[in-house]
Amino acid sequence: MRWLKGLILAIILLIVLLVGILFAVNNQQTLPLNLIWIELPSATLSFWLLASLAAGVILGMLAMSGVYFRLRALLTRAQRHNQQQRKELDKLRIQEMKELP
């Protein structure tokens, strides 16, 4: 089952790579990018679109990092609490076994 998951992932990655190559080949027009306050030099349309995609992904990851770290801290705290509860339960079980005649 694990090899099937890897095969499906490889096929999906290959399809994405092929679509990306086709996208880059079909969008070779060069154009400058005007961002109101600054005009960037001429580059291909595919470069600008892929650069904006990369910038969006990075900004999205940065925006979600606060939530991720907060949830990670909550998980660590819950695991620590769970460990303490298990130790206490083990103590009570041992104490109960000692009290039995």
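Rings of Phe, Tyr and Trp, the last represented by its six-membered ring, are taken as a pair if their centres lie within 6.5 Å. In the present structure, which is a predicted model, the count by this rule comes to two aromatic pairs. In the pair formed by F47 and W48, the ring centres are 5.2 Å apart and the planes stand at 65°, and because an angle over 60 degrees counts as edge-to-face, the pair is assigned to that class. The two partners differ in their exposure: F47, at 46% relative accessibility, counts as partly exposed, whereas W48 has a relative accessible area of 15% and is therefore buried, the limit being under 20%. The other aromatic pair is that of Y68 and F69, which is likewise edge-to-face, with 5.4 Å from centre to centre and 65° between the planes. Here Y68 is partly exposed, with a relative accessible area of 48%, while F69, with 56%, is exposed, since the class of exposed residues begins over 50%.

A further residue examined was S46, whose place is in helix α2, the element that spans residues 45–99. The relative accessible area of S46 is 5%, so this residue is buried. The side chain of S46 is joined to the side chain of T44 by a polar contact of 3.3 Å. When neighbours within four places in sequence are left aside, S46 is in contact with F23, A24 and N27.

T44 also belongs to a strand, for strand β2 comprises residues 39–44. This strand pairs with strand β1, residues 30–34, in the antiparallel sense, and four bridges are found between them. One of the residues with a bridge partner is N34, which is matched with E39 in β2. Together β1 and β2 form a hairpin in which four residues lie between the strands.

Within this hairpin, I36 is found in the loop between β1 and β2. The phi angle of I36 is near 65°, a positive value in a residue other than glycine. As a general background to this value, most residues other than glycine have a negative phi. With regard to accessibility, I36 counts as exposed because its relative accessibility of 81% lies over the 50% limit. The turn residue I36 thus combines a positive phi with an exposed position, whereas S46, in helix α2, is buried.

How values were computed. Residues are numbered from 1 along each chain as its sequence is written. This is a predicted model: local features need pLDDT of at least 70, side-chain atom pairs count only at pLDDT 80 or more; totals for chains, interfaces and linings use all residues. Side-chain values use heavy atoms; hydrogens and water are left out. Helices (H or I, at least four residues) and strands (E, at least two) are DSSP runs, numbered from the N terminus. Buried means under 20% relative accessible area, exposed over 50%, partly exposed in between (1.4 Å probe, protein chains only). A polar contact is a pair of N or O atoms within 3.5 Å; within protein, one must be able to donate a hydrogen and the other to accept it, and residues adjacent in sequence count only if both atoms are side-chain atoms. Contact means heavy atoms within 4.5 Å. Rings of Phe, Tyr and Trp (its six-membered ring) pair if their centres lie within 6.5 Å; planes under 30 degrees apart count as stacked, over 60 as edge-to-face and the rest as tilted. Two strands pair if DSSP finds at least two bridges between them.
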